[in-house]
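This report describes one protein chain, from its overall dimensions down to a single residue. The structure is shown first.

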Amino acid sequence: MTRKAYSFVRTFNAGPARELRADRHYLLCASEGALRLEAQGRAWLLPPARAALIEAGQPIAVSIPRPVTTASVLFDTAFAPPPPAPLTVFDLSPLARSLVAECGTWGESDQPLTAYAETLFAALAAVTWRLAEKPSPVVVPVGRSPELRRALRLTEERLDREVRFEDLAQEVGLAPRTLARRFAEETGMTWRAALRRMRLLRAIEELAAGDRPVTKIAYMVGYGSLSAFNAAFQELTGRTPTDYRASFRR
């Protein structure tokens, strides 16, 4: 007999994308560092204080830009209902964080959960399923066609300097108008909007990685001024970069 729900903590070294598919509903949290998740044509960044809720059987690609420590909770499909979406990334509330920590006592085992533990896991499922109804806006498209995926990859490699759309189009072998149309059709946003989103995701990675000053991070991801970076960051996340970093450590 396998427990209806269980938890574990693991540390992983940096590594390329690999597929993750679980036969249980999967709550994945980054305690230190950050993960990148990709599924259904979109990519998410999972820094500390955020969680991903993944439906059982849903394949996702997970990559690790830097070493990361994760806390995971798995729920049997008979114990918890299907999540609101196949994959959702959202902010953890203080209550959810406390429940994740408390559930960490019960790992995978053939021994059944105690009544107290079962109540805790049920409470964690109720809280995180509700939080998943309000997903994080920090998501970027990944594209379907080889040309667009390459254009996005080249854009990401050049976030610290000026990137010209016409140069990207030439490198991927498409006319600028054709590449612009691909962006609209495959991602639902313009290249300029995707570039902005990718810069902010890179900034979140840097904020989660250590104590590098916010001003340096702003210039590292291609912003010419701190005020412009702060405004763009707050528009996307609802917080300043400093407040966002502080939320990882509360």
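The text below covers the whole chain, then its nonpolar cores, then Arg66.

**Whole chain**

The model is predicted. Its chain contains 9 helices and 10 strands. For 250 residues, a compact globule would be expected to have a radius of gyration near 18 Å, and the value of 19 Å for the chain agrees with that. Further totals for the chain are collected in the table.

| Property of the chain | Value |
|---|---|
| Box filled by the C-alpha atoms, along the principal axes | roughly 60 × 35 × 30 Å |
| Buried residues | 49% of the 250 residues |
| Accessible surface | about 12,200 Å² |
| Part of that surface belonging to carbon and sulfur atoms | 50% |
| Distance between the centres of the positive and negative side chains | 4 Å |

The two sets of charges behind the last entry comprise 34 positive and 27 negative side chains. Sequence separation was also computed for the contacts: taking those between residues at least 6 apart in sequence, 74% link residues at least 24 apart.

**Nonpolar cores**

In soluble globular proteins, nonpolar side chains tend to be buried together. In this chain the largest nonpolar core has 42 residues, and the members that touch the most others are Leu179, Phe183, Phe229 and Phe233. Two or more residues each come from strand E5 (42-46) and from helices H3 (146-157), H4 (165-172), H5 (176-187), H6 (191-209), H7 (214-220), H8 (226-237) and H9 (241-249). The greatest contribution is that of H6, at 10 residues.

Phe183 can be followed in more detail. Not counting residues up to four places away in sequence, Phe183 touches Leu148, Ala151, Leu152, Phe165, Gly188, Met189, Thr190, Trp191 and Ala194. Separate from this core is a second one of 26 residues, with Ala51, Ala71, Ala80 and Ala125 among them.

**Arg66**

Where does Arg66 lie? Its place is the loop between strand E7 (60-64) and strand E8 (68-75). The relative accessible area of Arg66 is 30%; because buried means under 20% and exposed means over 50%, Arg66 is classed as partly exposed.

Apart from neighbours within four places in sequence, Arg66 is in contact with Ala14, Ala34, Glu205, Glu206 and Ala209. Glu32 is 34 residues away from Arg66 along the chain, and the C-alpha atoms of the two are separated by 9.7 Å.

Definitions and conventions
Residues numbered from 1 in each chain as written. Predicted model: local features only at pLDDT ≥ 70, side-chain atom pairs only at ≥ 80, totals over all residues. Heavy atoms only, no water. Core = buried A, V, L, I, M, F, W, Y, C linked by side-chain atoms within 4.5 Å. Buried < 20%, exposed > 50% of the residue type's maximum accessible area, 1.4 Å probe, protein only. Helix = DSSP H or I, 4+ residues; strand = E, 2+ residues; numbered from the N terminus. Contact = heavy atoms within 4.5 Å. Rg over C-alpha atoms; globule rule 2.2 N^0.38 Å. Areas by Shrake-Rupley, 256 points an atom, 1.4 Å probe, with all protein chains shown as cover. Lys, Arg positive; Asp, Glu negative; His and termini not counted. Charge placed at Lys NZ, Arg CZ, Asp CG, Glu CD.
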